[in-house]
Amino acid sequence: MGRVQGKVALVTGGASGIGLSAAALLAREGAKVVIGDFNVEGAREAAETIKNEGGEAAGVFLDASSEQSIRDAVDFTVEQYGTLNVLFNNVGLTNLKKDVDVVNMDLEEWDRLMNVNTKSVLLGSRFAIPHMIKAGGGSIINTASMAAFASDATRSAYGASKAAVVNLTRYIATQYGKDNIRCNGVAPGLILTPAAKNNMPEPVLDIFAKYNALPYHGEADDIGYTVLFLASDESKFITGQTIQVEGGHYLANPTVPDFKAFMAQAAGASQA
Ligand SMILES: NC(=O)c1ccc[n+]([C@@H]2O[C@H](COP(=O)([O-])OP(=O)(O)OC[C@H]3O[C@@H](n4cnc5c(N)ncnc54)[C@H](O)[C@@H]3O)[C@@H](O)[C@H]2O)c1
């Protein structure tokens, strides 16, 4: 018996990275999974791989910037598998060139990121919730980011859009809790997905690794397993929470390295 046996799940942005990991793990643990992605070929390929491993899956075109497309993907899931129990709202975009500091921000990019990163979570949930209510409940999981909890010199729209996802998660949890619908988020730190590798030059990846409490980078499965837990009944008393999965990157007081250097210097001086 799998951890999400018999549940029907829709994963957005499931052709790559975090979504692909979650889709594969959900299917391995007994869920029937629809993979929705802009890259429909990738979504279908991922579904084929799952089927070849004995799971149940289908790929479908989904454009997270389009209300109609999100509605169609939810409808497809229900037509395909009869119901919808788990929605993983995972699509999210970042743009290091246009999404910069507040004064120089490209305002069209601000609107685009708010639309794809935040409004798609609202829309996916809006279309899924009536089906979940019919099914007697469900679990919605949203991909936020550690950028929701810490600020940066750049990527203002990304951070604001992901902070909105964290609070929207609480609103959905509050509004539909009595319908037995849970809503939680996962906030990844840097995860070595194709997107991260394409967006971040090697030296930047090294800076991130240096400041992790743990001695390694995060991988897509680190988020995938968190999503699996939140989708399963193992987490049935958890709702409205966003779990930070970031290797301790944001754990310590930022003065720690300076303080350690100061203590080492003071110890050296007292021995001299
Ligand atoms: N990788 C990280 O370090 C990291 C850190 C924090 C948060 N996140 C968040 O995790 C989520 C997934 O990121 P990832 O790193 O796995 O990315 P990825 O690029 O590896 O995968 C994203 C998938 O989404 C699809 N996609 C992009 N735009 C789409 C659209 N408009 N409609 C439908 N599908 C679309 C892509 O085709 C791709 O398959 C995003 O919300 C991202 O903001 C990632």
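# Report on a ligand-bound predicted model

## Helix axes

The axis of a helix is a line fitted to its C-alpha atoms over the stretch in contact, and angles between N-to-C directions run from 0 to 180 degrees. The structure described here is a predicted model. Two packed helices are described by the angle between their axes and the distance between those axes.

## Helix 4 and helix 5

Helix 4 spans residues 107–135, and its axis comes within 8 Å of the axis of helix 5, with a crossing angle of roughly 15 degrees. Because angles under 35 degrees count as roughly parallel, helix 4 is roughly parallel to helix 5. The crossing of helix 4 and helix 5 is right-handed.

## Helix 1 and helix 8

A second pair consists of helix 1 and helix 8, the latter formed by residues 220–231. Their axes come within 8 Å and cross at roughly 50 degrees. Helix 1 and helix 8 are therefore oblique to each other. Helix 1 crosses helix 8 in a right-handed sense.

## Polar contacts of the ligand

Three pairs of atoms illustrate how the protein meets the ligand. From Asp37, a polar side-chain atom lies 2.6 Å from an oxygen atom of the ligand. Ala64 contributes a polar backbone atom, which is 2.8 Å from a nitrogen atom of the ligand. In Ile191, a polar backbone atom is 2.8 Å from an oxygen atom of the ligand.

On its own, the ligand has 830 Å² of accessible area, and the protein covers 86% of this area.

## The shell around the ligand

Helix 1 (17–28), helix 5 (156–176) and helix 6 (194–199) are the elements that each give two or more residues to the shell around the ligand. Helix 6 provides the largest share, three residues. Helix 1 and helix 5 thus appear both in this shell and in the helix pairs described above.

There are 28 residues around the ligand, and those that come nearest are Ser16, Asp37, Asn90, Tyr158 and Thr193. Asp37 is also the residue whose side chain supplies the polar atom 2.6 Å from a ligand oxygen atom. Divided by class, the shell holds 15 nonpolar, 10 polar and three charged residues.

How values were computed. Residues numbered from 1 in each chain as written. Predicted model: local features only at pLDDT ≥ 70, side-chain atom pairs only at ≥ 80, totals over all residues. Heavy atoms only, no water. Near = heavy atom within 4 Å. Polar contact = N/O pair within 3.5 Å; in protein donor to acceptor, adjacent residues only side chain to side chain. Areas by Shrake-Rupley, 256 points an atom, 1.4 Å probe, with all protein chains shown as cover. Helix = DSSP H or I, 4+ residues; strand = E, 2+ residues; numbered from the N terminus. Nonpolar A, V, L, I, M, F, W, Y, C, P; charged D, E, K, R; others polar. Parallel < 35°, antiparallel > 145°, perpendicular 65-115°, else oblique. Left-handed = near helix turned anticlockwise from the far one by under 90°.
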